[in-house]
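Let us take a walk through a protein structure together, one piece at a time. Keep the picture at hand and turn it as you read.

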Amino acid sequence: MSFKALEEIVNITKKTDRPFWEVVLAEELSESQQTRAEALAKMENLYQAMKEADQNYDSLLKSPSRLVGGDGEKIARAIENGTMICGDFIGRVIAKAIKMGESNACMKRIVAAPTAGSCGVIPAVLLTYAEQNEIDEMRIIEALFVAAGIGEIIAHRAFIAGATGGCQAEIGSASAMAAGALAYLRDGDADTIVHAAALALKSLLGLACDPVAGLVEVPCVKRNVIGAVNALTSVDMALAGIRSQIPPDQVIDAMRLIGNAMPAALKETGEGGLAITPTGLAIAKGLKE
Amino acid sequence: MNVFDIIGPIMVGPSSSHTAGAVKIGYLSNKLMGEKIRSARIYLHGSFLTTGKGHGTDKAIIAGLLGMKPDDIRIPESFEVAEKAGLAFAFEGIELRDAHPNSVKLNLTGASGRELEIMASSMGGGNIKIFQIDGLDANFGGDLPTLIVHNQDRPGLVTEVTAMLSQKSINIATMQLYRSRRGGDAVMVLECDQEISKASISGLQSLDGIRKVTYLSLEESA
């Protein structure tokens, strides 16, 4: 994509009166040999794969390390029992985020969005929203193009891999993408979309990638929850008219600077943070033996 | 990066860089070999070495070498599949100078005895970069049909290769030239918008001064 800033996309939507997702799609088509119909079909296929991954969750599975598995089911039960403080909607978002993260850790098929470690954030927000509201499937596909456009700019200006930018680059990016997508579904304009994304990303800046034993399990699975819930609160703020005082593109640049300043120990090496707590080290040692 | 690098790929977990990217490196190596791989020595560097096992990086690379794609649900059992398919493999650790943390060096032997050395990195989100082939630099991601020509460093060979492509109406997307030293070993890496036919590839192979031609076809049957 030749766009280098969210601001460029916003300006085009204003000038041409086309929706955000259309601008992203048009740019995609101009740079690839696919037709519009093919690109839309591809995105629909990804959406179906997200739904399948959600439905194929198996609460009996455990990850190879046995650290992860079965927690999504616990939340589902708490919702049924009516004991969730967060209520029904956010409760379902939490459940879906954990389930997807667990499926990933158990080597099941998922959709990286933008990465596998953060694969639960976008489906948790969009699938739950689609289930609870009457939404045309095409609208969800459009929202996924909004998410992808935001992700492309983040990848261009900063990074989307924990190994290069820490967890902020994975869960932070996913949260920003989900926030933009949901802001679109709530009829937010381009400005609202990018500010929802910026508010989401800002709140997760600095998040270290410190997985126990270097595995995409602890704390990755449950960080999908904060990514998803943070997207919801950011959308509510943006739709209420709150704006990020730091412009969205500069928020992304800040993430790059923070990621560059992070020591390697906090970038997916399993050599810092939670990974080197006594328990984290004991788990890693146990796995080696 | 395009839209579908960001949303997607559909893949078997747990890690887009350590699992899906690793499958893709193996898969592209398989394609570049252009024949069944008989044996593989695999050298893991950096984070691939330290956290690869828990991410199934080893299983992922073998799955790719067997021709599996990142969404293949047989990836967790790739070692068993390799045994049945007659692919012998061994893993070791290595320290590659100035390499991306998720990097690997592969020394492959094909069924006909053809040898191929590949160095590649997994860049995140399932995207990869091949940065060395048979000891010479390269830089491509395997998203386009890619022609790699190893030749003697002398005038005219680039023209011969590009003339052939032009004659077949094949558009060059990117082109890179590297050499070990003046007059020594050189390599050209051409990413193309269209597929190149087998006949054209073998035509290149017979040209004077060309040492080896490797071609990455993205066609399913190739």
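The paragraphs below go from the two chains to their domains, sheets and helices.

Some ground rules come before the tour. This is a predicted model, in which local features need pLDDT of at least 70 and side-chain atom pairs count only at pLDDT 80 or more, while totals for chains, interfaces and linings use all residues. Residues are numbered from 1 along each chain as its sequence is written, and chains are lettered from A and ligands numbered from 1 in the order in which they are written.

Let us begin where the chains meet. Here 32 residues of chain B are in contact with 44 residues of chain A (two residues are in contact if their C-beta atoms, placed from the backbone, lie within 7 Å). On the chain B side, at least two residues each are supplied by helix H1 (3-6), strand E1 (10-12), helix H2 (16-33) and helix H3 (47-55). Helices (H or I, at least four residues) and strands (E, at least two) are DSSP runs, numbered from the N terminus. H3(B) gives the largest share of this side, five residues. What kinds of residues make up the side of chain B that touches chain A? They divide into 14 nonpolar, 17 polar and one charged. In this sorting, Ala, Val, Leu, Ile, Met, Phe, Trp, Tyr, Cys and Pro count as nonpolar, Asp, Glu, Lys and Arg as charged, and the others, Gly among them, as polar.

The chains also share strand pairing. Strands of a sheet pair through backbone hydrogen bonds, either parallel or antiparallel. Strand E1 (residues 109-111) of chain A and E1(B) run antiparallel and are joined by three bridges; two strands pair if DSSP finds at least two bridges between them. Look for Ile110(A), which stands opposite Met11(B).

Now stay with chain A. UniProt, in an unreviewed entry, places "domain: Serine dehydratase-like alpha subunit" at residues 19-275 of this chain. Positions from UniProt are given in the numbering used here, feature names are shortened, and annotations may be inferred rather than shown by experiment. That span is 64% helix and 1% strand, and its end C-alpha atoms lie 43 Å apart. UniProt also lists a "coiled-coil region" (unreviewed entry) at residues 29-63 of chain A. Over residues 29-63 the chain is 63% helix and 0% strand, with 39 Å between the end C-alpha atoms.

For a look at how two helices of chain A meet, find helix H9 (residues 167-185) and helix H12 (residues 248-261). Their axes come within 10 Å and cross at roughly 155 degrees. Axes are lines fitted to C-alpha atoms, for helices over the stretch in contact, and angles run from 0 to 180 degrees between N-to-C directions. That crossing makes H9(A) roughly antiparallel to H12(A), a label for angles over 145 degrees. Gln168(A), Ala169(A) and Gly172(A) of H9(A) make the contact with Met255(A), Ile258(A) and Gly259(A) of H12(A). Three of these residues are nonpolar, three are polar and none is charged.

Chain B comes next. It is divided into domain 1 (3-133) and domain 2 (146-216), with bounds that come from an automatic or database domain assignment. The C-alpha centres of the two domains lie 25 Å apart, and each domain gives five residues to the contact between them. On the domain 1 side, H2(B) supplies the largest share, three residues.

One sheet of chain B is open and has six strands, in the order E3-E2-E4-E5-E6-E7, with mixed pairing. Its edge strands are E3 (88-93) and E7 (136-140), each pairing on one side only. Within chain B, seven bridges join strand E4 (residues 102-110) to strand E5 (residues 115-124), and the two run antiparallel. Asn107(B) has Glu117(B) in E5(B) as its bridge partner.

Another open sheet of chain B has four strands, ordered E9-E10-E8-E11, with antiparallel pairing. E9 (172-179) and E11 (210-216) stand at the edges with a single partner strand each, so one side of each is left without a neighbour in the sheet. The twist averages 15 degrees from one strand to the next. Helix H7 (residues 198-205) of chain B packs on this sheet, touching E8 and E11. Finally, UniProt lists "domain: ACT" (unreviewed entry) at residues 146-218 of chain B.

Methods
Angles under 35 degrees count as roughly parallel, over 145 as roughly antiparallel, 65 to 115 as roughly perpendicular and the rest as oblique.
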